[in-house]
Amino acid sequence: MPVNVGDAAPDFELKDQHGAPVKLSDFRGTRNVVLVFYPLAFSGVCTGELCALRDELSSLVAGAGADVQVLAVSVDSMFALRAWSDQEGFRFPLLADFWPHGGTAQRYGVFDEAKGVALRGTFIIDIEGVVRWKVVNAIPDARDIDEYRKALAGL
């Protein structure tokens, strides 16, 4: 069942690219979260999207009214995510939804069963843990970073 605007964001705990556990509920009460699901590390569209997030992060969080944490999630292993993060210089956690395979993406309703990867789903979660904005794009369709900026400004 997909997660919709107004729903409580399902909690999860995944390992980041360094093997450290990251739990969504740890940000409750302190930070808004931009939760970005993407299909695969090292792919062209995913690299473009996450590099845009990396490059625009400071302008995205300006005007959001509270600290913002970006969490990027794919079905890749933490080892692949570490290599990709080191190569691209990502300064936010890349979370491995590796096992159970795509379990978190499934709970958010953005897992493509046939391909075994996440769709391009983005959820903006406020400091109370409520989904305030959502967009889901097909695998080949890149997201518009200006949409994130507008959604964060509305918090």
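Does S25 count as buried, partly exposed or exposed, and what is its relative accessibility? In this predicted model, S25 has a relative accessibility of 21%, so this residue counts as partly exposed, the cut-off for buried being under 20%. S25 sits in the loop that connects β2 (21-23) with β3. Its C-alpha lies 8.7 Å from that of E13, a residue 12 places away in sequence.

S25 also leads to the internal space of the model, as one of the residues that line the largest cavity. A search of the whole structure returns 1 cavity of 30 Å³ or more, and the volume of the largest cavity is about 40 Å³. Besides S25, the lining includes L24, F27, R28, R31 and V33, together with I125, D126 and G129.

One of these lining residues, I125, belongs to strand β8 (residues 120-125), and it is worth pausing on this strand. Of the 6 residues in β8, 6 are buried, so the strand is largely enclosed by the rest of the structure. In a regular strand, side chains alternate between the two faces of the sheet. Here R120, T122 and I124 point one way, while G121, F123 and I125 point the other way, and all are buried.

Strand β8 pairs with two strands, β3 and β9. With β3 (residues 31-37) the arrangement is antiparallel and involves 4 bridges; within this pairing, V34 has I124 as its bridge partner. With β9 (residues 131-137) the sense is again antiparallel, over 6 bridges. Across this second pairing, G121 faces V136, and F123 stands opposite K134. The hairpin formed by β8 and β9 has 5 residues between the strands, and G129 adopts a positive phi near 90° there. G129 is thus a point where two descriptions meet, since the glycine also appears in the cavity lining.The packing of nonpolar side chains comes next. In soluble globular proteins, nonpolar side chains tend to be buried together. The largest nonpolar core of the model contains 26 residues, and W84, F92 and L94 have the most contacts inside it. At least two residues of this core come from each of β3, α1 (44-61), β4 (67-74), α2 (78-88), β5 (94-96), β9 and α4 (145-153). The greatest contribution is that of α1, with 6 residues. Beyond its neighbours within four places in sequence, W84 contacts Y38, A41, F42, C46, T47, L50, F90 and L94. Another core, of 24 residues, lies apart from this one and has F37, V110, V117 and I125 among its members.

C46, one of the contacts of W84, is covered by the annotation "active site" in an unreviewed UniProt entry. This cysteine is part of helix α1 and has 0% relative accessibility, so C46 counts as buried. Leaving out residues up to four places away in sequence, C46 touches Y38, P39, L40, W84 and R120. The last of these, R120, is among the buried residues of β8.

How values were computed
Residues are numbered from 1 along each chain as its sequence is written. This is a predicted model: local features need pLDDT of at least 70, side-chain atom pairs count only at pLDDT 80 or more; totals for chains, interfaces and linings use all residues. Side-chain values use heavy atoms; hydrogens and water are left out. Buried means under 20% relative accessible area, exposed over 50%, partly exposed in between (1.4 Å probe, protein chains only). Two strands pair if DSSP finds at least two bridges between them. A nonpolar core is a set of buried Ala, Val, Leu, Ile, Met, Phe, Trp, Tyr and Cys residues joined through side-chain atoms within 4.5 Å. Contact means heavy atoms within 4.5 Å. UniProt positions are given in the numbering used here, feature names are shortened, and annotations may be inferred rather than shown by experiment. On a 1 Å grid over the protein atoms alone, a cavity is a set of points where a 1.4 Å probe fits but cannot get out, and a pocket is an open set with protein on both sides within 12 Å along at least five of seven lines; lining residues have an atom within 4 Å of a point. Grid points are joined across faces, edges and corners, and a volume is the space filled by probe spheres set on the points.
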